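Open your viewer and get your selection tool ready. We will go from stop to stop, with a selection to make at each one.

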Amino acid sequence: MGALIKKEIRAYFMSAMGYALPTVFLFLAGLAFTFMVYQATQEFMTGQQFNASDQIIRPLYGNFMRFLCLIFLPFITMGKFAEEKRTGTLELLFTYPVTDWQLLFSKMVGCFCLLFMVLVPMLLYPILLHTMGGIQIEWSVLATGYLGTFLLCLAFISMGLWASSITDNQVVAVAVTIGLALVFWLIGVVQSFTTNYELGQVFTKLSLLEHFDSFYRGIIDSTDVIYYVTFSAFFIFLTLKALESRKWRG
């Protein structure tokens with residue numbers, strides 16, 4: 001297991017993607033942070049009340065974490081199985097005493113290692129606001145927000161790994177992941193177009209975003225946690241079945 005995890009982590013740092021994706025994302029996040037601080041400062045100078053959580057923390061982390069999941073995570077997961085199928089290394093792994101679950105778990109750990117390269121540096125923003133600006137930060141809200149981010153990323157990574165496990169083409173894996181993500185992203189909008197309240201509520205409860213927003217309001221709802229865990233477990237199950245079926249065909 002340890003060797004598999006090291007292999008996955010090493011693979012990222014041997015490719016340009018392992019450096020390019022975190023760099024681009026942190027650059028964009030830094031620009032957004034600077035703009036939000038500037039805008040909040042201008043509003044404060046005009047007599048409006050300054051609230052770091054409402055004006056900076058929630059918009060920055062809430063919006064950018066969604067952006068991270070929708071745009072970056074599919075590119076992180078796309079080659080996990082697809083590339084190994086194309087090069088034939090996946091078949092080689094099946095000849096070793098490694099279970100499907102160990103293989104899948106190592107790839108999930110590899111994805112989260114790259115993800116932490118983005119999430120950990122972003123903690124610098126509230127620390128700067130608190131230490132240099134003397135601004136009071138609701139650390140509990142930030143903590144629950146990071147919990148929600150972890151669960152949302154877990155859902156996207158599980159979905160992306162499944163998409164990668166059913167094809168040997170990375171482009172197809174990205175397209176399937178983004179397509180599914182958009183379905184579960186926008187499904188809550190159906191409520192606005194249906195006159196059936198119960199049906200609208202069902203679609204809303206299936207939305208990935210519907211269960212994410214409460215975390216950045218400092219609320220941990222067991223319903224939201226169960227939703228993300230169940231969603232992730234479903235796609236992990238599908239991935240394991242895809243790997244198992246490939247061995248049958250072999």
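## First stop: Gly18

Select Gly18 and show its surroundings: setting aside neighbours within four places in sequence, Gly18 is in contact with Tyr12, Leu114 and Met117. Keep in mind as you go that this is a predicted model. Gly18 sits in helix α2, which runs over residues 17–45. Is Gly18 buried or exposed? With a relative accessible area of 0%, Gly18 is buried, because the cut-off for that label is under 20%.

Now add Leu114 to the selection and draw a distance between the C-alpha atoms. Gly18 and Leu114 lie 96 residues apart along the chain, yet their C-alpha atoms are separated by 7.0 Å.

## Second stop: the largest cavity

Keep Leu114 selected, since this residue also belongs to the lining of the largest cavity. To see the rest of that lining, add Leu21, Pro22, Leu68, Phe72, Ile76, Leu115 and Val118. Colouring by element helps here: α2, α3 (52–77) and α6 (100–119) each give two or more residues to this lining. The space inside comes to about 50 Å³. How many cavities of 30 Å³ or more does the structure hold? There are two.

Rolling a probe the size of a water molecule over the atoms shows where empty space is left.

## Third stop: the largest pocket

Next, select Glu8, Ala11, Gly79, Lys80 and Glu83. Of the 19 residues that line the largest pocket, these are the closest to its centre. The largest pocket holds about 440 Å³ of space. Which elements supply at least two residues each to its lining? They are α1 (2–13), α3 and α4 (82–87). Highlight α1 in its own colour, as α1 gives the most to this lining, with five residues.

## Last stop: helix α9

Finally, select residues 170–186, which form helix α9. The end C-alpha atoms of α9 are 24 Å apart, and this agrees with the 24 Å that its 17 residues should span at 1.5 Å a residue.

Show the side chains of Ala173, Val174, Thr177, Ala181, Phe184 and Trp185, the buried residues of α9. Turn the view to look down the helix axis: these buried residues fall within an arc of 110°, so they line one face of α9. On the face turned away from that buried side, pick out the exposed residues Val171 and Ala175.

One more selection finishes the tour: Asn169, which caps the N-terminal end of α9. Draw a distance from its side-chain oxygen to the backbone nitrogen of Val171, and you should find 2.8 Å.

Note on methods: Residues are numbered from 1 along each chain as its sequence is written. This is a predicted model: local features need pLDDT of at least 70, side-chain atom pairs count only at pLDDT 80 or more; totals for chains, interfaces and linings use all residues. Side-chain values use heavy atoms; hydrogens and water are left out. Helices (H or I, at least four residues) and strands (E, at least two) are DSSP runs, numbered from the N terminus. Buried means under 20% relative accessible area, exposed over 50%, partly exposed in between (1.4 Å probe, protein chains only). Contact means heavy atoms within 4.5 Å. The expected span of a helix is 1.5 Å times one less than its number of residues. The arc is that of the directions from the helix axis to the C-beta atoms. A polar contact is a pair of N or O atoms within 3.5 Å; within protein, one must be able to donate a hydrogen and the other to accept it, and residues adjacent in sequence count only if both atoms are side-chain atoms. On a 1 Å grid over the protein atoms alone, a cavity is a set of points where a 1.4 Å probe fits but cannot get out, and a pocket is an open set with protein on both sides within 12 Å along at least five of seven lines; lining residues have an atom within 4 Å of a point. Grid points are joined across faces, edges and corners, and a volume is the space filled by probe spheres set on the points.
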